Amino acid sequence: MESGISRVAFIGIGRMGWPMAIRLREAGFTVAVHDAVPGRATDFAAKHGGIAAASAAAAAQGAGAVITMLPTSREVAEVIAAMRPNLAPGAVVIEMSSGEPSATRAMAQDLAAHGIAMVDAPVSGGVARAETGTLAIMTGGDAVPLDRVDPLLRAMGGSITRCGDVGAGQAMKALNNLVSAAGFLISVEALLIGSRFGLDPAVMVEVLNNSTGMNNSTQRKLNQFVLSRKFNSGFGLDLMVKDLSIALQVGRETGTPAPLAAQTRELWAAAASLLGPGQDHTAAARFSEALAASALESPQIPKKA
């Protein structure tokens, strides 16, 4: 399906945004990139083509769509305020950050008054799936702008699920990470209990993956990043805490009692406080290990040198 959009502004080319912008370039879009890190946009354009914009406003000039991939909704609001005078009526803002649904809805309402549509389209899958263009994308917004930007999203994602009105994608992303975070911690705790009993954690992972305890962490994280002691999945511990906070915010705004969700968020926040900044989210296993005064290891899984 033709979108009629040929030029895209991509704001925020960090670990996720960089490979996503590459996918758009490879799909034939003209991409103007901007990032808060000096020189990063120039480096991207030199390696992958496109346009290095000196500012977000400059990137937005003449763009049919603008993608924001930024740390929080606060940065998104600041960027949109700077870009808005350069956004032509009919342009679509695609908010792909893991932001706050209520903040995104407020921004969408303001943009709509100027003839500019906004949709949210957060992603799941990490850097590896961003590089292969197979991200899971959850969208929120009206059907017409979502139809227009569908070719852009398909260049970056392997699955695109429409979740509802604007903000619904971000709510779904936060709730997905809530389920994932709870599954990770309980899986690590089970391995610690079993290890003290005398079970080989790698054998436990094999059994879990062939039984009802299977989850994303048993399949993709425990052997790969915890037992190997690599702790380098590509998704930060601070970002997980942020997403869990958003999930709880949605819970409060909807008046939904969520005691397990609150406890999950507190445990992840405690892990972040203990381990300090710059940690991968899989390093939260070290927090559970500290509580148990035990370390997970298996003779079957080589440890990082």
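Which residue in strand 4 is the bridge partner of Ala 9? Select Ala 9 together with Val 66, since the latter is the answer to look at: Val 66 is the bridge partner of Ala 9 in strand 4.

This is a predicted model, in which local features need pLDDT of at least 70 and side-chain atom pairs count only at pLDDT 80 or more, while totals for chains, interfaces and linings use all residues. Residues are numbered from 1 along each chain as its sequence is written, and side-chain values use heavy atoms, with hydrogens and water left out.

**Stop 1: the strands**

Display strand 1 (residues 7-11) and strand 4 (residues 65-68); helices (H or I, at least four residues) and strands (E, at least two) are DSSP runs, numbered from the N terminus. Strand 1 and strand 4 pair in the parallel sense over four bridges, where pairing requires that DSSP find at least two bridges between two strands. Next, add strand 5 (residues 92-95), which runs parallel to strand 4 and is joined to it by four bridges. Within this pair, Ile 67 stands opposite Ile 94 of strand 5.

In a regular strand the side chains alternate between the two faces of the sheet. On strand 4, Ala 65 and Ile 67 lie on one side and Val 66 and Thr 68 on the other, and all are buried, meaning under 20% relative accessible area (exposed is over 50%, partly exposed in between; 1.4 Å probe, protein chains only).

Now select strand 2 (residues 30-34), where four of the five residues are buried. Strand 2 pairs with strand 1 in the parallel sense over five bridges, and Thr 30 is the bridge partner of Arg 7.

**Stop 2: helix 1**

Move to helix 1 (residues 17-26), which is largely enclosed by the rest of the structure because seven of its 10 residues are buried. Those to colour are Gly 17, Trp 18, Pro 19, Met 20, Ala 21, Ile 22 and Leu 24. After the helix comes Gly 28, with a positive phi near 100°.

**Stop 3: helices 12, 13 and 14**

Select helix 12 (residues 237-253) and helix 13 (residues 259-275), which pack at an angle of about 155° with their axes 9 Å apart. Axes are lines fitted to C-alpha atoms, for helices over the stretch in contact, and angles run from 0 to 180 degrees between N-to-C directions. Helix 12 is therefore roughly antiparallel to helix 13 (under 35 degrees counts as roughly parallel, over 145 as roughly antiparallel, 65 to 115 as roughly perpendicular and the rest as oblique). Residues in the contact (heavy atoms within 4.5 Å) include Leu 244 and Leu 248 of helix 12 and Trp 268 of helix 13.

Then bring in helix 14 (284-292). Helix 13 and helix 14 pack at about 90°, with their axes 9 Å apart, which means that they are roughly perpendicular. Here Leu 267, Trp 268, Ala 270, Ala 271, Leu 274 and Leu 275 of helix 13 meet Ala 284, Arg 286, Phe 287 and Ala 290 of helix 14.

**Stop 4: two positive phi values**

Most residues other than glycine have a negative phi. Select Arg 229, in the loop between helix 11 (222-227) and helix 12, where phi is positive, near 65°. Arg 229 is buried, with a relative accessible area of 19%.

Finally, select Ala 293, in the segment after helix 14, with a positive phi near 50°. Ala 293 counts as exposed, at 68% relative accessibility. Leu 192 is 101 residues away from Ala 293 in sequence and 9.6 Å away in space, C-alpha to C-alpha.
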